[in-house]
Amino acid sequence: MAWFRASSYLGKLAIKRTVSQSGSYAERSRILRSRCFRSTVFNQREKASPVPRAVPLSRLSDNFLDATSSVYLEELQRAWESDPNSVDESWDNFFRNFVGEASGRAGVSGQTIQESMRLMLLVRDYQVNGHLKSKLDPLGLEEREIPDELDPAFYGFTDADLDREFFIGVWSMSGFLSENRPVQTLRSILTHLEQAYCGSIGYEYMHIEEREKCNWLREKIETPIPMHYNKDRRFVILDRLMWSTQFESFLATKMKTAKRFGLEGGETLIPGMKEMFDRAADLGVECIVVGMSHRGRLNVLGNVFRKPLRQIFSEFDKNSKFEDESGLYTGTGDVKYHLGTSYDRPTRGGKRIHLSLVANPSHLEAVDPVVIGKTRAKQYFTNDLDRTKNMAVLIHGDGSFAGQGVVYETLHLSALPNYMTGGTIHIVVNNQVAFTTDPRSGRSSEYCTDVAKALNAPIFHVNGDDIEAVIHVCELAAQWRQTFHSDVVVDIVCYRRYGHNEIDEPFFTQPNMYRVIQKHPSSLEIYKNKLLESGEVTEEDIERMHKKVHSILNEEFLNSKDYVQQRRDWLSTNWKGFKSPEQLSRIRNTGVNPEILKKVGRSISILPEDFKPHRVVKKVYEDRVKMIETGEGLDWAMGEALAFGTLLVEGKHVRLSGQDVERGTFSHRHAIVHDQETGRIYCPLDHVMENQNAEMFTVCNRYKISPISKLCYSDIGVWTYPCMWCLNGVHVNVGSSLSEFGVLGFELGYSMENPDAIVLWEAQFGDFSNGAQVIFDQFLSSGEAKWLRQTGLVILLPHGYDGQGPEHSSARLERFLQMSDEDPYKIPEMDPTHRKQIQKCNWQVVNATTPANYFHVIRRQMHREFRKPLIVMSPKNLLRYKFCKSNLSEFDDVQGHEGFDKQGTRFKRLIKDQNNHSDLEKGIRRLVLCSGKVYYELDEERQKLNADDIAICRVEQLCPFPFDLVQRELKRYPNAEIVWCQEESMNMGAYTYIAPRLCTAMKDVGRGSLEDIKYVGRPPSAATATGLLQVHQNEQAGLLSLAMQPEPIKLERAEIRRVRSQVKVVGTVVTVGEATMMTLTKELC
């Protein structure tokens, strides 16, 4: 294909140069080419087909391809004459046909090679640019210039040539150029090209580089059999369009003032989707996961997913009845056009296909990666190795498809090894207006779908009023996906009959467009008239169908008055048996049998004998072997690896995703090891058990390796020869997408599919997670409350102040705590046998400080009868800190070992002071509560000062707050001053979350009020941290000194002003006095 594209490009340049020099090419009246696809400017244009303009062949024949290209063609012909085997087979066929040697056919009289090449370029231009001439806009408002290259006169053909026979050649292509009649008249060729490329469908596919894919599409597009459906099929299409249209008109009549974001103007989407799903089922698809925004959602729910119509209608009724669900968890609910559902739909071909519509927020396109992740998880759990049984379909708006960055992030995942799903079908409901914005103001490209070209996806633009064309491209999209397992886009160009919603006034911003829309017939009217004209249906047939649909809609509406809604559309099949927030889930121990621990520990610490790792990595693995053998000094990475390994042994699927997760941002994990001589990779966690599933443990930036053949184990489950990522026949690391929004959304969707998978997403640094804030706000923190859907997704956010500046210090702990729905003024039931505190909270936020506690909190996620998101403030310098170690006995389940308390071995929500204090210590003058790595610095400062009258307790679980354990410590130290110490600024970190809850705990045991809580930490700040290392060190030293000072901690306002005045800037050096760190009480604030 390369020579074809190069020669055609050079040919066009030569032809343009010749035409401009000859002056015989008639001047066109031009409209400045609009960068948008649609405009609301109504402009009458002549509809007559362009007449070929006369440019004699003699004027072009000598100059065709010009200079280098013409020389190349002549040399090619001479080479063929000397030795036909010396040229490509396609050129051999071409020259043989010219001299009449091929298949006994006579040569074409009077035709030159140049004429044939020009004709071939004309054909190619229709394939490339024919969509620009297609009739896509149902409103007729489009202003598009037809490219010169689609005019036969551009290539020197005249009216006199229309009935001449031409030979195009026999090329290694499908479709038009592969027909058995290579000799055709120019008129026949043009008619054929116009029918194929310039009708109600505009095809864009010539940007795809693979010849096989282009040939497949050419075969489908250029085959001279027109789209034709028999009478029975058209009757089905009419029925489906009738349901789609009357559903909207019925709602418009009954709910005149309600927002419903109807589908009027795009009703052909519904029969198009149904036909697509039917075709997909015939091709082997068993499950389809769908994501879409609110426009047309109710229609899709009612007509495609068969949600009971009475239920949909009842959701509009403010007086609708609800089942008595007192004492049951019902969440907050959501508006009707955000809700999801699932349904086993029978198909026209007699099969059944499972449909799942994912709930979504109003944030357009945010659901896209969630759907893809859910689809990928379905493929894993159904062993769908070739990715043909589970498919994703995303329905977009034109403005959001072009404007929302998450669309590209999702597209970008489509071919990545651990994210690909075998292709997604994208349907764009193209209203030709985004809310109130014209396309020319909303995007810079010709089409809203141009972003998909970056992924080599074919794009089918179709006139939304031509229902049969819509169905044709929907079926073609299903065929493409099942054939090539890659993305495809269907762009249904339609319109929005009303405004952004039904109570909006569109004439404010698009008066010209809506004057046309007011007079424009619906797609149903257009199709009815077509079938009436053809005689395939009668007026009586249509009236009978209309009455049937209206009767059912009216009956369902009447029944909706007595419909009792059940908000608890609870967990899907895979989640049966899991507890909802009001159902008690027993707290389980997470310790592991010592023998299993050692066996897993050895398997994940020993590398193959012939493996040559980097010397630093080799030392890391040697140290891990020692940790297991001695049972001492287990570091953070080893604790994590043991958590993963033991869960794998228990049959759980472990998926680790994010940025730099293979090595770890701080080079601590080394989950995958690279041979420094051969490039071969080895993943110890793939070898915890014999015959372990290759995808059971997944680090999302790698391929599997065949240890014997050194072939690549591709993502569709087959061994293949080395590909573009291979080096010397061995796969090297394939980096994961540097994306937060898209990847986190994907992992969320993955985690929602099945409770037997623990999915972890790690940010490179904690504050990078704010690139995915929509996922945290709209899905993770509130998804269970809005949509009654659980997830156990784990978020690892490196957090801690160590002088790395404002962007590498804070994971914005305060944001996650602020989104907690826990009541700060009420202490819940805390008895272990009745405690449902975590179940009732929307998520968990922890800041673990030991490898053992991290091990247990990871395992706790899977040893429950419910799932909750877990936010982990993971450490940075603690990863290698000499005192941040655990012994193997803290991981096991043996009674009497140090990790075993009276409740067993499990995650410690609060770690008490490590100085072996008794249950009552009246001599302790200060109790410092803290969280995270500041504990170790406080402990070192305490030891340095011999301040044995100060107790330090670590709050490991911040949310939900451990009221019971905090009260235990308050009772242990009855005379102690209560201090909350943190590294973060006062307006950040955990302080504003901790203070009211600590106050509630104190009041309950008679230990004072909010005024008695002393704050030690940095003062309020706009930036999370200083960018100057010396300032950081002075600040850190100041807060440690203040926390350990012998005097009671109390500062008046005058003292605060004095302390602030001690911060001096001299040039670029900042000096800070020892007392800079403020201690504030509520009265001082």
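This is a dialogue about reading cavities, a buried charge and unusual backbone geometry in a predicted model.

Colleague: Before we turn to single features, how many helices and strands does the protein have, and what share of its residues is buried?

Modeller: The model is predicted, and in it the protein has 33 helices and 33 strands, while buried residues make up 59% of its 1085 residues. Among contacts between residues at least 6 apart in sequence, 79% join residues at least 24 apart.

Colleague: How should I read the cavities, and how many of 30 Å³ or more does the structure hold?

Modeller: The general idea is that a probe the size of a water molecule, rolled over the atoms, shows where empty space is left. In this structure there are 14 cavities of 30 Å³ or more, and the largest of them holds about 110 Å³ of space. That largest cavity is lined by 14 residues, with Arg 624, Ala 641, Arg 669, Ala 671 and Leu 685 the closest to its centre.

Colleague: Which elements give two or more residues to that lining, and what classes of residue does the lining contain?

Modeller: The elements that do so are α21 (615-630) and α22 (636-649), and α22 gives the most, with four residues. By class, the lining of the largest cavity divides into 10 nonpolar residues, one polar and three charged.

Colleague: What is the volume of the second largest cavity, and which residues lie nearest its centre?

Modeller: The second largest cavity has about 90 Å³ of space, and of its 14 lining residues, His 799, Asn 847, Ser 931, Gly 932 and Lys 933 lie nearest the centre. Its lining is made up of five nonpolar, six polar and three charged residues.

Colleague: Turning to Glu 984, which side chain of opposite charge is nearest to this residue, and how far away is it?

Modeller: Glu 984 is found in strand β30 (residues 977-985), where it is buried yet has no salt bridge, and the nearest side chain of opposite charge, that of Arg 1018, is 7.2 Å away. For the count of a salt bridge, a side-chain nitrogen of Lys or Arg has to be within 4 Å of a carboxyl oxygen of Asp or Glu. Not counting residues up to four places away in sequence, Glu 984 touches His 799, Tyr 801, Leu 813, Gly 989, Tyr 1015, Gly 1017 and Arg 1018.

Colleague: How do I read backbone geometry, and which peptide bond is cis?

Modeller: As a general guide, most residues other than glycine have a negative phi, and most peptide bonds are trans. Here the bond from Cys 959 to Pro 960 is cis, with omega near -5°. Cys 959 lies in strand β29, whereas Pro 960 is placed in the loop between β29 (957-959) and α30 (963-972).

Colleague: Is Cys 959 buried or exposed, and which residues is it in contact with?

Modeller: Cys 959 counts as buried because its relative accessibility is 0%. Beyond its neighbours within four places in sequence, Cys 959 is in contact with Leu 817, Ser 820, Cys 841, Trp 843, Gln 844, Val 845 and Tyr 993. The C-alpha atoms of Cys 959 and Leu 817 are separated by 6.8 Å, although these residues are 142 apart along the chain.

Colleague: Where are Asn 383 and Leu 788 found?

Modeller: Asn 383, with a positive phi near 55°, is found in the loop between α12 (368-381) and β8 (390-397). Leu 788, which is not a glycine but has a positive phi of about 55°, is found in the loop between α25 (783-787) and β23 (794-798). Leu 788 counts as buried because its relative accessibility is 4%.

Notes:
Residues numbered from 1 in each chain as written. Predicted model: local features only at pLDDT ≥ 70, side-chain atom pairs only at ≥ 80, totals over all residues. Heavy atoms only, no water. 1 Å grid on protein atoms, 1.4 Å probe; cavity = no way out; pocket = protein on both sides within 12 Å on 5 of 7 lines; lining within 4 Å. Points joined across faces, edges and corners; volume = space filled by probe spheres on them. Nonpolar A, V, L, I, M, F, W, Y, C, P; charged D, E, K, R; others polar. Buried < 20%, exposed > 50% of the residue type's maximum accessible area, 1.4 Å probe, protein only. Lys, Arg positive; Asp, Glu negative; His and termini not counted. Contact = heavy atoms within 4.5 Å.
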